[in-house]
Amino acid sequence: MHLYGTQTINDQGHLTIGGTDSVELAEKYGTPLYVYDIQLFRDRARAFQETFEKAGIGYQVAYASKAFSTIAIYQVAAEEKLSLDVVSAGELYTAVKAGFPVEKIHFHGNNKSVEELQMAFEVGIGCIVVDNFYEIDLLKKLSERLEQPMNILLRVTPGIEAHTHDYITTGQEDSKFGFDLKNGQADRAFEQTFDNDYLNLLGLHCHIGSQIFDTGAFQLASEKLMQKMASWKEQFDYTCPVLNLGGGFGIRYTEEDKPLEPAVYVEQMIETVKQTANASGYPIPEIWIEPGRSLIGDAGTTLYTIGSTKEVPGTRKYAAVDGGMSDNIRPALYGAKYSSVIANNANAGLTEQYTIAGKCCESGDKLIEQADLPVVAAGDILGIFCTGAYGYSMASNYNRIARPAVIFVENGVSQLVVKRETNDDLIKQDLPYSQKAAQE
Ligand SMILES: Cc1ncc(COP(=O)(O)O)c(C=O)c1O
């Protein structure tokens with residue numbers, strides 16, 4: 001069995017995370033429970049940063065917090081000197097409440113509202129990643145009205161579709177995000193912004209996909225963006241000091257996934273940027289990256305309690321847990337695969353195969369199609385690995401199921417960082433029906 005980060009199996013055959021016994025965590029906090037191995041998050045952050053430090057290159061590693069956004073993780077990210085990528089007023093608000101240094105926050109999104117942009121100015125964030133011409137207009141008006149400068153990056157689509165194990169290059173990318181590099185949109189966006197009095201154009205941004213294992217796609221993207229910036233230097237004598245290459249570095253969900261060490265992607269990127277810069281006489285820009293999943297994904301394990309089991313003779317065995325698509329939509333949404341363990345019996349032989357069913361009223365609510373496990377019984381604690389990214393952050397109250405608690409574990413200590421929702425939380429926005437109002 002593959003264990004992640006600080007995980008071990010103790011003398012009692014229990015899965016431990018961050019020096020704590022997962023069975024005791026389940027007893028103390030209840031299940032389902034999101035458990036985060038904070039040391040793993042810190043180690044990843046440091047590995048990315050050390051790679052840049054070693055290369056002697058200016059950088060920012062921005063945690064793409066759509067993967068998991070809470071006050072506590074923003075505070076750990078700040079401790080680790082990370083920057084932050086936010087995509088909504090809600091994420092920005094959470095970061096501000098967490099006391100995250102605002103000048104290290106980057107704001108993304110393909111349809112930022114006027115209110116969101118206004119908030120970004122008010123708060124004084126570090127950079128807005130501009131997505132489209134509508135946003136350029138809004139930003140020009142806003143910054144002029146407020147007489148307030150703002151750093152911007154232009155998000156471009158470089159025509160590279162990166163998938164887990166390979167990538168393809170397309171002349172034009174059909175994406176809702178960004179300015180197309182090939183068809184002239186990026187050039188127009190540059191011309192509309194580079195000499196603006198208030199908008200300080202730092203450079204280009206791209207994000208070519210997620211769960212990518214192939215360094216080639218990142219290298220190609222670096223080359224294309226560097227070439228574009230070099231062409232603007234030649235034509236307009238404007239040098240962009242920053243190149244942001246997004247996130248998307250793959251992690252190991254199951255044995256089928258064979259990611260490189262996260263830092264390797266960065267080493268290759270730096271090499272390509274240096275080579276391309278040297279070839280065109282362009283000053284080496286700062287490189288910014290935005291890892292989400294590769295910082296927080298395998299730091300998360302969800303603990304569930306097994307309840308009912310069912311056998312469909314000759315077909316499959318089901319084991320149902322006390323959560324499901326309401327706390328992890330990824331399997332139902334796009335067939336994401338996970339591996340698992342019986343946390344209270346982690347050394348037992350894996351003699352059986354179960355489909356792990358959630359408790360939501362959807363046949364498609366299955367967390368794992370084929371989990372290799374020992375014979376399971378009601379009350380066993382199932383740990384599903386690698387649920388740290390896009391699990392809690394995509395959780396819903398479907399079926400009016402309360403969202404689980406989140407805890408951080410580190411150095412043998414656990415702490416509650418998001419309380420489990422209660423039934424009262426579920427109805428707190430509801431208002432009673434008024435017959436009188438309906439008749440007025
Ligand atoms: C612009 C941008 N940056 C970074 C990320 C993080 O990607 P990942 O979690 O795969 O690293 C995403 C994910 O959707 C993204 O859209």
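This report walks through the domains, the ligand shell and one helix of a predicted model.

## Two domains and where they meet

The domain assignment splits the protein in two. Domain 1 is built from two stretches, 8–30 and 299–427, while domain 2 runs over 38–292. Going by C-alpha atoms, their centres sit 33 Å apart.

Across the boundary, 18 residues of domain 1 make contact with 14 residues of domain 2. On the domain 1 side, two elements each supply two or more residues: strand E22 (405–410) and strand E23 (413–418). E22 is the top contributor there, giving four residues. As for chemistry, that side of domain 1 has 12 nonpolar residues, four polar ones and two charged ones.

## Around the ligand

The ligand has 16 residues around it, and the closest are Ala 64, Ser 210, Gly 247, Gly 292 and Arg 293. Sorted by class, the shell comes out as eight polar, five nonpolar and three charged residues.

UniProt, in an unreviewed entry, puts a "binding site" feature at Gly 248, Glu 290, Pro 291, Gly 292, Arg 293 and Tyr 390. Gly 292 and Arg 293 are also listed among the closest residues to the ligand.

## A look at Pro 291 and Arg 293

Pro 291 lies in the loop that links strand E15 (286–289) to helix H10 (293–296). Pro 291 counts as buried because 27 other C-beta atoms fall within 10 Å, and the cut-off for that label is 20 or more. Leaving out residues up to four places away in sequence, Pro 291 touches Phe 48, Val 61, Ala 64, Gly 247, Phe 249 and Pro 262. Of these, Ala 64 and Gly 247 turn up among the residues closest to the ligand.

Arg 293 belongs to helix H10. Is Arg 293 buried or exposed? Arg 293 has 23 C-beta neighbours inside 10 Å, so it counts as buried. With the same sequence neighbours left out, Arg 293 touches Ala 67, Ser 210, Gln 211, Ile 251 and Ala 389.

## Helix H3 and its buried side

Helix H3 covers residues 71–79, and its buried residues are Ile 73, Tyr 74, Val 76 and Ala 77. They span an arc of only 160° around the axis, so they lie on the same side of H3.

What do the buried residues of H3 pack against? Their partners are two helices, H2 (38–55) and H4 (89–97), plus two strands, E5 (59–64) and E6 (83–86). After H3 comes Lys 81, which has a positive phi, near 60°.

Note on methods. Residues are numbered from 1 along each chain as its sequence is written. This is a predicted model: local features need pLDDT of at least 70, side-chain atom pairs count only at pLDDT 80 or more; totals for chains, interfaces and linings use all residues. Domain bounds come from an automatic or database domain assignment. Two residues are in contact if their C-beta atoms, placed from the backbone, lie within 7 Å. Ala, Val, Leu, Ile, Met, Phe, Trp, Tyr, Cys and Pro count as nonpolar, Asp, Glu, Lys and Arg as charged, and the others, Gly among them, as polar. A residue is near a molecule or strand if its C-beta atom, placed from the backbone, lies within 6 Å of it. UniProt positions are given in the numbering used here, feature names are shortened, and annotations may be inferred rather than shown by experiment. A residue is buried if 20 or more other C-beta atoms lie within 10 Å of its own, exposed if 12 or fewer, and partly exposed in between; C-beta atoms are placed from the backbone. The arc is that of the directions from the helix axis to the C-beta atoms.
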